[in-house]
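Here's a quick tour of one model, written for someone who would rather look than calculate. Keep the viewer open while you read.

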Amino acid sequence: MTQAHSHFREVAKQTTARIALSLGLTIVFVVIEAAAGIFANSLALLTDAGHNLTDVIALGLSWVAVRLTAQPANAQKTYGYHRAGILVALVNSTTLVLISLGIFYEAYRRFLSPPEVKSTILIGVGLIAVAVNVVTALLVRRGSESDLNLRSAFVHLMGDVFSTIGTVIAGVIIYFTKAEWLDPLISILIGVLILYSAWSILRETVDILLESTPHDVDVSKLVRDIMQIKGVLGVHDLHVWSITQNLRTMSAHILTDDVHLSTGAVTQSQISELLMKHYHIAHTTLQLECIDCNHDMLYCNMTESRFSEDAKIES
């Protein structure tokens, strides 16, 4: 266990170093791009600079979250600090939604009165932005498939990659056609892309915080699989939830015959192995009960329990 935690701390150290480098590059570029956007009178450049500014915040929060999740569990935080990354993902995805709404509003204003855009500056700065954003995105890509915190930061940065490509395309077309209305149009397309990317992360983080069952876990099938194990006569008070995107846990009451403790331990071990192999549930809490304790409810009604406790207090 100590070796596993040491390995996790080393991975976290490498991740924070990559995030810090990405953060430094982004800060420098935000200053350059904002100045160019003001000088060129380009909403697309200013939009991208604003998005990059939120990337600074997103990367900073992600850096803090990775450091926190590397801390060991303690008496006050018995699951450790794994949920810190989920909270950061929630903040990052929410800011992306707000940014998109701001982009739509400003683009609407510019559609009504399109200003003159210095397309050469738009193209030049846009090309530099593509290179910077690709590098910073690649720095945080590793591990983003299984970590919502890193994925929210990666989506921020990839949004920049696509938005700067759009900015360059708009600049080229404006240079040849003088169609300044393309500048706010590209901004709207960027906003739609950002909003689409943010929604899936926001939905998943809310599900985790509400302790919903993971989307790829079929509870009915899970119960049927458990019932196939020798000695299992029933399952109730079942709960499946996620601590983080890739850290799942489950608790349940398992009905058995009145058997010896050693026999029950074998049953528990077989259930845990099944859950890990087929459902990637690494942390299980199983309470064995004899068949005489049969309970009709598969899922524990915690609302009724809470109201019952409230009634006792009032009486």
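Which residue of β2 is the bridge partner of Gly-234? Turn to the sheet for that one: the partner is Leu-255. Bear in mind throughout that this is a predicted model.

## The sheet

Gly-234 and Leu-255 belong to an open sheet of 3 strands, with the order β1-β2-β3 and mixed pairing. At the edges sit β1 and β3 (281-290), each of which pairs on one side only. Ignoring direction, neighbouring strands here are turned by 10° against each other on average.

The mixed pairing is easy to trace. β1 and β2 run antiparallel and are joined by 8 bridges; the two form a hairpin, with 2 residues between them. On the other side, β2 (residues 247-256) pairs with β3 in the parallel sense, over 9 bridges. If you want a spot to check in that second pairing, look at Thr-256, which stands opposite Cys-290 in β3.

## Inside β1

Although β1 is an edge strand, 10 of its 11 residues are buried, so the rest of the structure largely encloses it.

Ser-242 makes a handy example, as its place is in β1 (residues 234-244). Is Ser-242 buried or exposed? Its relative accessible area is 6%, and the cut-off for buried is under 20%, so Ser-242 counts as buried. Setting aside neighbours within four places in sequence, Ser-242 is in contact with Arg-83, Ile-208, Ser-212, Pro-214, Leu-247 and Arg-248.

## Helices on the sheet

Two helices are worth picking out around the strands. α7 lies across β1, β2 and β3, and runs at about 125° to β1. α8 packs on the sheet too, touching β2 and β3, and its direction makes about 145° with that of β3.

These helices also pack against each other. α7 (residues 219-227) and α8 (residues 261-279) meet at an angle of about 140°, with their axes 10 Å apart. α7 and α8 are therefore oblique to each other, and α7 passes α8 in a right-handed crossing. On the α7 side the contact is made by Lys-221, Leu-222, Asp-225 and Ile-226, and on the α8 side by Ile-271, Leu-274, Leu-275 and Tyr-279. Sorted by class, that contact has 6 nonpolar residues, no polar ones and 2 charged ones.

## A residue facing out

For a contrast with Ser-242, try Glu-273, which lies in α8. Glu-273 has 57% relative accessibility, so it counts as exposed. Glu-273 and Thr-284 are 11 residues apart in sequence, and their C-alpha atoms are 9.9 Å apart in space.

## The α5 and α6 pair

Now for another helix pair. What is the angle at which α5 and α6 pack? For α5 (residues 148-177) and α6 (residues 182-209) the angle is about 170°, with the axes 9 Å apart. That makes α5 roughly antiparallel to α6.

The contact has a long cast. Among the α5 residues in it are Leu-148, Val-155, Phe-162, Gly-166 and Ile-174; the α6 residues include Leu-182, Ile-190, Leu-193, Glu-204 and Ile-208. By class, the contact of α5 with α6 has 12 nonpolar, 7 polar and 3 charged residues. One name should ring a bell: Ile-208, part of this contact on the α6 side, is also one of the residues in contact with Ser-242.

Notes. Residues are numbered from 1 along each chain as its sequence is written. This is a predicted model: local features need pLDDT of at least 70, side-chain atom pairs count only at pLDDT 80 or more; totals for chains, interfaces and linings use all residues. Side-chain values use heavy atoms; hydrogens and water are left out. Axes are lines fitted to C-alpha atoms, for helices over the stretch in contact, and angles run from 0 to 180 degrees between N-to-C directions. Helices (H or I, at least four residues) and strands (E, at least two) are DSSP runs, numbered from the N terminus. Angles under 35 degrees count as roughly parallel, over 145 as roughly antiparallel, 65 to 115 as roughly perpendicular and the rest as oblique. A crossing is left-handed if the near helix is turned anticlockwise from the far one by less than a right angle, and right-handed if clockwise. Contact means heavy atoms within 4.5 Å. Ala, Val, Leu, Ile, Met, Phe, Trp, Tyr, Cys and Pro count as nonpolar, Asp, Glu, Lys and Arg as charged, and the others, Gly among them, as polar. Buried means under 20% relative accessible area, exposed over 50%, partly exposed in between (1.4 Å probe, protein chains only). Two strands pair if DSSP finds at least two bridges between them.
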